[in-house]
Amino acid sequence: MRWLETVALGVYVYDLTQDAFLVGFVGFLRMAPMLFLGAFIGALADRVNRRAILAIANITLSGVYLLLGFLVLTDRIELWHVSAGAFIAGVVWATDFPVRRAMIADAVPADRVSSAFGVDMASSNFSRVIGPLVGGAFLQQIGMQAVYFLGCGLFLVASMVAVSMLVIRKPPTSDVRTPASSSNFDLRTGVKHIAGDSVLLVTIIITITMNLFAFPYQQMVPVLGAEKLMVDPVLVGLLLSIEGLGATFGALTIAAVAQPRHYTRVYTYASLSFLCIIAAFALTPYYWLAIPLLFVGGFGMSGFGAMQSIIVVSSTRPEMRGRVLGVLAVAIGSGPIGALHVGWLATQIGTDIAVLAIAIVGFVLTGGTILLSRRYLRSIPRYRR
């Protein structure tokens, strides 16, 4: 649903407003909760039942999508309704990230963490193959109400699955909670832990860079599709679907062959290659050329996404994982700033040049970070259980 909505919302808002900045602004609202709430949700996940959090978050979003679908159906939908829905969806995403990944780490032995996260990324990326196509087709053939009603059903199912996990599985005994403390204390603890570990610190810096200067390009794909490539919503959806297909293959490869000694190198080189692909995509004038570019870019995206969580989890004690993943969620949450920036930049210098500019800046900053921390490429995250 997340990827289905990325295409549908982008096209829908652009059709409503004809304003690239407002497309970026809705993207900002969708990602902002990761920045402002991620660390606190991560701290909460170390102290309460994680499965209950997922169930409550998913059933809430199901109700919100049901309401938005009826507003579209009755022709009473306004931009602020769409924006509020995007923000609430972002809150659920900010909840899902630290909670579900901590659950995955709890559920598998330490030597299977890379495989588990590889499979998790593969399933997520496979949904990106289907989601954007469905989103574009539903929007074009039926309308935005179909997107919202589908989201209502999907998140209802997700909440039921989470409830069933409450019955089937108890929290692991090894997942010991720390004594009660304030959220601020928990946040400081997570930040302090990261600052004292060079592998975690460089990983977080690269994460912030990628979310500021790489991933915001996705908010501009619907605009580039309409303005430059001149294609309909279904073909816009196909662009992100192809990227998802490449990411699926990349994640499955990581799950099958990645070893701890490769983690930091895969993470670094995948990030740099993805930035190069984004720059090339911004320059291409042909739709048929954009397809293979984004397919290859998907491999870089999967290397970044899978290794990011694997490195963090592998370098963190179980009782600290929720808080450290919460800080990682805040780093990922820097993306809203990038979405606003690229939306504003697109109105000033053009969408394609704006996407090219952020990709170049991201490449320079990532490369510079690695040059200043060359030992990072030879680092092996410490497996901890």
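Helices α8 and α12 cross each other in a left-handed sense. In this predicted model, α8 covers residues 198-213 and α12 covers residues 287-314, and the two pack at an angle of about 150 degrees with their axes 10 Å apart. Angles over 145 degrees count as roughly antiparallel, and α8 and α12 are therefore roughly antiparallel to each other. If you would like to find the contact on screen, look on the α8 side for Val199, Leu200, Thr203, Ile206, Thr207, Met210 and Asn211. Their partners in α12 are Phe304, Gln308, Ile311 and Val312. The residues of this contact of α8 with α12 divide into 7 nonpolar and 4 polar, with no charged ones.

It helps to step back to the chain as a whole. Its secondary structure comes to 15 helices and 0 strands. Of the 385 residues in the protein chain, 58% count as buried. Taking the contacts with a sequence separation of 6 or more, 88% of them are between residues 24 or more positions apart.

Now turn to a second helix pair, α3 (residues 50-73) and α4 (residues 79-107). These helices pack at an angle of about 160 degrees, and their axes are 9 Å apart. With the cut-off for roughly antiparallel at over 145 degrees, α3 and α4 are therefore roughly antiparallel to each other. The crossing of α3 with α4 is left-handed. On the α3 side the contact includes Ile53, Leu54, Ala57, Asn58, Leu61 and Val64, while among the α4 residues are Ile88, Ala89, Val92, Thr95, Val99 and Met103. Here the residues of the contact divide into 14 nonpolar, 4 polar and 5 charged; Arg50 and Arg51 in α3 are among those taking part, as are Asp96, Arg100 and Asp106 in α4.

One residue from each of these helices deserves a visit. Asn58 lies in helix α3, and with a relative accessible area of 10% it is buried, because the cut-off for buried is under 20%. Leaving out residues up to four places away in sequence, Asn58 touches Val92, Phe155, Ala158 and Ser159. Val92 is one of the α4 residues in the contact with α3.

Val82, for its part, sits in helix α4. Is Val82 buried or exposed? At 0% relative accessibility, Val82 counts as buried. Beyond its neighbours within four places in sequence, Val82 is in contact with Leu9, Tyr12, Val13, Ile77 and Tyr148. You can also pick out Leu71, which is 11 residues from Val82 in sequence and 9.9 Å from Val82 in space, C-alpha to C-alpha.

The last stop concerns charge. Side chains of opposite charge can pair when their charged atoms come close. How many salt bridges does a search of the whole structure find? The search finds 1, and its partners are the side chains of Asp352 and Lys228, at 3.5 Å from N to O. Asp352 lies in helix α15 (residues 351-372), whereas Lys228 is in the loop between α9 (217-227) and α10 (233-257), so the pair ties together parts that are 124 residues apart in sequence. As for accessibility, Asp352 is partly exposed, with a relative accessible area of 24%. Lys228 also counts as partly exposed, at 24% relative accessibility.

How values were computed
Residues numbered from 1 in each chain as written. Predicted model: local features only at pLDDT ≥ 70, side-chain atom pairs only at ≥ 80, totals over all residues. Heavy atoms only, no water. Axes fitted to C-alpha atoms, helices over the stretch in contact; angles between N-to-C directions. Helix = DSSP H or I, 4+ residues; strand = E, 2+ residues; numbered from the N terminus. Parallel < 35°, antiparallel > 145°, perpendicular 65-115°, else oblique. Left-handed = near helix turned anticlockwise from the far one by under 90°. Contact = heavy atoms within 4.5 Å. Nonpolar A, V, L, I, M, F, W, Y, C, P; charged D, E, K, R; others polar. Buried < 20%, exposed > 50% of the residue type's maximum accessible area, 1.4 Å probe, protein only. Salt bridge = Lys/Arg side-chain N within 4 Å of Asp/Glu carboxyl O.
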